[in-house]
Amino acid sequence: MKRTVVSILALAMCLSLLTPIGTAYAKGSLIANNPGAEDAAPRAIVYETIDIPADGEFYKITDDFEMPAKSRVGFQGTWSPSYARVEFKLYAHSTGNGAYVILSSGREGGLNATAASVYSLYARSVDNVAIVGSVNISN
């Protein structure tokens, strides 16, 4: 399953580089929301299924990925039970630090990378209930 997701991500990233930004994407729709980011490349969007136990522990939901400094990873997902909250942790391998955000089903949010590093994304159930669903991750 992970290999399939990684393959799809790699294909999406390659295809996004083949098409000029101005012709394939509405201006600002897939561009990072940073001042002066008009020349930035489109963001990659990954669809991940999540199956998080009710134990309150963090579980890795993505393979490791590189992010430049001052970039952002965003997520939006739906899961069951819909009232359950998921805490996402963006972990920087170079510094050993993590940033956290808590989201409800159907809401979107994100975390900023403060330094260029290899990152991992983890998730846990805040309400100590098992969570099953999906999340779209963009960076």
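The paragraphs below lead through some strands, loops and single residues of this structure. The model is predicted, so local features are described only where pLDDT is at least 70 and side-chain atom pairs only at pLDDT 80 or more, while totals for chains, interfaces and linings use all residues. Residues are numbered from 1 along each chain as its sequence is written, and side-chain values use heavy atoms, with hydrogens and water left out.

A good place to begin is strand S5, which covers residues 85-92; strands here are DSSP runs of E with at least two residues, helices are runs of H or I with at least four, and both are numbered from the N terminus. Six of the eight residues of S5 are buried, so this strand is largely enclosed by the rest of the structure, where buried means under 20% relative accessible area, exposed means over 50%, and partly exposed lies in between, with a 1.4 Å probe and protein chains only.

S5 has strand S6 (residues 98-104) as an antiparallel partner, joined to it by seven bridges; two strands pair if DSSP finds at least two bridges between them. Within this pair, Leu-90 stands opposite Ala-99 of S6. The two strands form a hairpin with five residues between them, and in the turn Gly-96 has a positive phi of about 75°. S5 also pairs with strand S8 (residues 117-125), again in the antiparallel sense and over seven bridges, and there Phe-88 has Ala-123 as its bridge partner.

Beyond S6, the loop that leads to strand S7 (108-113) holds Ser-105. The side chain of Ser-105 reaches the backbone nitrogen of Trp-79 at 3.1 Å. Leaving aside residues up to four places away in sequence, Ser-105 touches Gly-77, Thr-78, Trp-79, Ser-82 and Ala-84, where contact means heavy atoms within 4.5 Å.

Some loops show backbone features that deserve attention, because most residues other than glycine have a negative phi, and most peptide bonds are trans. In the loop between strand S4 (71-80) and S5 lies Pro-81, and the peptide bond from Ser-80 to Pro-81 is cis, with omega near -5°. Lys-70, in the loop between strand S3 (65-67) and S4, has a positive phi near 60° and is exposed, with a relative accessible area of 72%. Asn-128, in the loop between S8 and strand S9 (131-138), likewise has a positive phi, near 55°, but counts as partly exposed at 48% relative accessibility.

Conventions
A polar contact is a pair of N or O atoms within 3.5 Å; within protein, one must be able to donate a hydrogen and the other to accept it, and residues adjacent in sequence count only if both atoms are side-chain atoms.
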